[in-house]
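Thank you all for coming. I would like to walk you through one structure, taking it a region at a time, so please look at the sequence and the model as we go.

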Amino acid sequence: MRFFLKLSVATVVLGVVGWFGWPQYLQRMTQLEQQRLAAQPAPVVPQMPERLDWPQQLADLQQLASEAMAGRGTGQPGGLAAQHWLVQQFEKIGLIPAGTEGYRQPYQARSGKAADHQGAANVLGKIAGTDPALPLLVITAHYDHLGVQEGQIYHGADDNASGVAALLALARYFKQHPPRHTLWFAAVDHEEKGMWGSKMLFEQQLLQPEQVKLTINLDMLSRDTARQLFAVGAYHQPRLEPVLQQLQQQSSVRLLLGHDRPQWLAGHTPDWTTGSDHHIFHQHGIDFVYFGVPDHPDYHQPTDTSDRIDPQFYREVSETVLSSLLLFDAE
Ligand SMILES: [Zn+2]
C-alpha cells in the first residue's frame, strides 16, 4: 500500500514536472510552502509566564559573547575559557556529571579543519527524572562559534550564546521542578566545523540512540524582526506535530512548523534538517525538534554581538522552549 502511495505521488510529481518544467515546478512548490506557513495560526496568548531566571540568563548570554571568550573558537583560548566557564555553571546548578571526565567529554576530531584543533570537548550534565523507566530527553546547544579570525572577534551572541544561555536557564528551572524523564543537557563543541561534538556523543557511546525519546536543539534564539521562531522536525516525525500545534497555542511568538521538507515538496524554501547538531541525532534515527530563527544580516559576522539581540523576543522564545519541554515531558 505504502509502495503504491509513493509510486502515485512520484507519478504526480513527474507529471507536473513534465507539464511545467522543473524550475516552474520548484517555483510553484515554493509558493505552496509559503502558503502553508502563512496559514499557520498567529499567536493567541499576549505574553509568556516568567518561569525562567531571566536576569541570570541575559547575564550568561553576555558573558558567553564577551571579549573574554573571544568568539569561543574551538581550540582557541576563548573556546577553552567558555568550556571551563560552562563546567563551573553546570556545577553551580547541581547537574549530575555526564561526561567522561566529570562534565567534560574531551575528544579529538579526525578530519577537516577540526582535526587541527586541540582541546575540543563537550560539556555534559543531567537531571534524573522521577520515573527512571522513561527514555531520555536531550537538550543540545553548541557553545562554539567562529572565534578570532584575522584579528577580529566573531562574538556569536545569537549564534549560539543564545542557545547555551537558554540551556542553562532550563537546567536551573528543572533542577527546581523535577521532570518525569531524565533530562540530558549537552553544550556541544565544534558545530561550526563539522558537528564533531555531537558525532562524538554517539561514537564514544555516551548516548545510545534507543535510550533517547527526543532531542531538542537550540541554535539562534534571540532575534528576528518578524518575531518568528521555527520548530523544525515534524515533517520527519509526524507524531510531533500535534504537540507542536499545542505549543503554538501557548506561545506569544509566531511559532512556525517548517524548514524541514525536501526540495521536491518545499521548492526553494531551505531545508534545515542538516543545518545544526540535530542532524547528527536524525542520522541516528532519533526524533528531533530544532528551534531557531532565520538568518539575519549579522549571521556569521563580527557584528553578531549581545547589544543586537532582542531581549523581549529572546525571553519569550526561551519560555516557549520551556513550554515545549513541559509538553514532551508530560506525554
Ligand atoms: Zn549555530
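Let me begin with a definition: a residue is called buried when its relative accessible area is under 20%, exposed when that area is over 50%, and partly exposed in between, using a 1.4 Å probe and protein chains only. What you see is a predicted model, in which local features need a pLDDT of at least 70 and side-chain atom pairs count only at pLDDT 80 or more, while totals for chains, interfaces and linings use all residues. Residues are numbered from 1 along each chain as its sequence is written, and side-chain values use heavy atoms, with hydrogens and water left out.

I start with the zinc ion. Donors here are N, O and S atoms within 2.8 Å of the metal (3.2 Å for Na, K and Ca), and water is not among the atoms, so sites may look incomplete. Which protein atoms serve as donors of the zinc ion? They are NE2 of H142, an OD atom of D159 and two OD atoms of D219, lying 2.0 to 2.6 Å from the zinc ion. Along the chain, these donors follow the spacing H-x16-D-x59-D. H142 lies in strand β4 (residues 136-142) and D159 in helix α5 (residues 157-176), so this pair ties together parts that are 17 residues apart in sequence. When I say helix or strand, I mean DSSP runs numbered from the N terminus, with H or I over at least four residues for helices and E over at least two for strands. As for burial, H142 has a relative accessibility of 0% and D159 one of 2%, so D159 counts as buried.

Why is the arrangement around the zinc ion called irregular? Four donors count as tetrahedral if all angles lie between 85 and 135 degrees, four count as square planar and six as octahedral if opposite donors are over 155 degrees apart and all others between 65 and 115, and anything else is irregular. The 4 donor atoms here subtend angles of 53 to 149°, and therefore the arrangement is irregular.

Next, please find Q105, which sits in strand β2 (residues 104-106) and is buried, with a relative accessible area of 0%. Its side chain makes a polar contact of 2.8 Å with the side chain of N122, and the side chain of Q105 also reaches the backbone oxygen of M200 at 3.0 Å. A polar contact is a pair of N or O atoms within 3.5 Å; within protein, one must be able to donate a hydrogen and the other to accept it, and residues adjacent in sequence count only if both atoms are side-chain atoms.

A second polar side chain to look at is that of T30, in helix α2 (residues 22-38). T30 is buried as well, with a relative accessible area of 17%. Its side chain reaches the backbone oxygen of L26 at 2.6 Å, and a polar atom of that side chain lies 2.8 Å from the backbone nitrogen of H268. Leaving out residues up to four places away in sequence, T30 touches A266, G267, H268 and T269, where contact means heavy atoms within 4.5 Å.

Now to strand β11 (residues 288-292), where 5 of the 5 residues are buried, so the strand is largely enclosed by the rest of the structure. F288, Y290 and G292 point one way from β11, while V289 and F291 point the other way. Two strands pair if DSSP finds at least two bridges between them. Strand β8 (residues 212-218) pairs with β11 in the parallel sense over 4 bridges, with N217 standing opposite Y290. Strand β9 (residues 228-232) runs antiparallel to β11 and is joined to it by 3 bridges, F230 having G292 as its bridge partner.

Finally, consider helix α3 (residues 54-64), whose buried residues are W54, Q57, D60, L61 and L64. Seen down the axis, these fall within an arc of 120°, so they line one face of the helix; the arc is that of the directions from the helix axis to the C-beta atoms. They pack against α4 (77-93), α5 and α10 (311-330). At the N-terminal end of α3, D53 acts as a cap, with a side-chain oxygen 3.2 Å from the backbone nitrogen of Q56.
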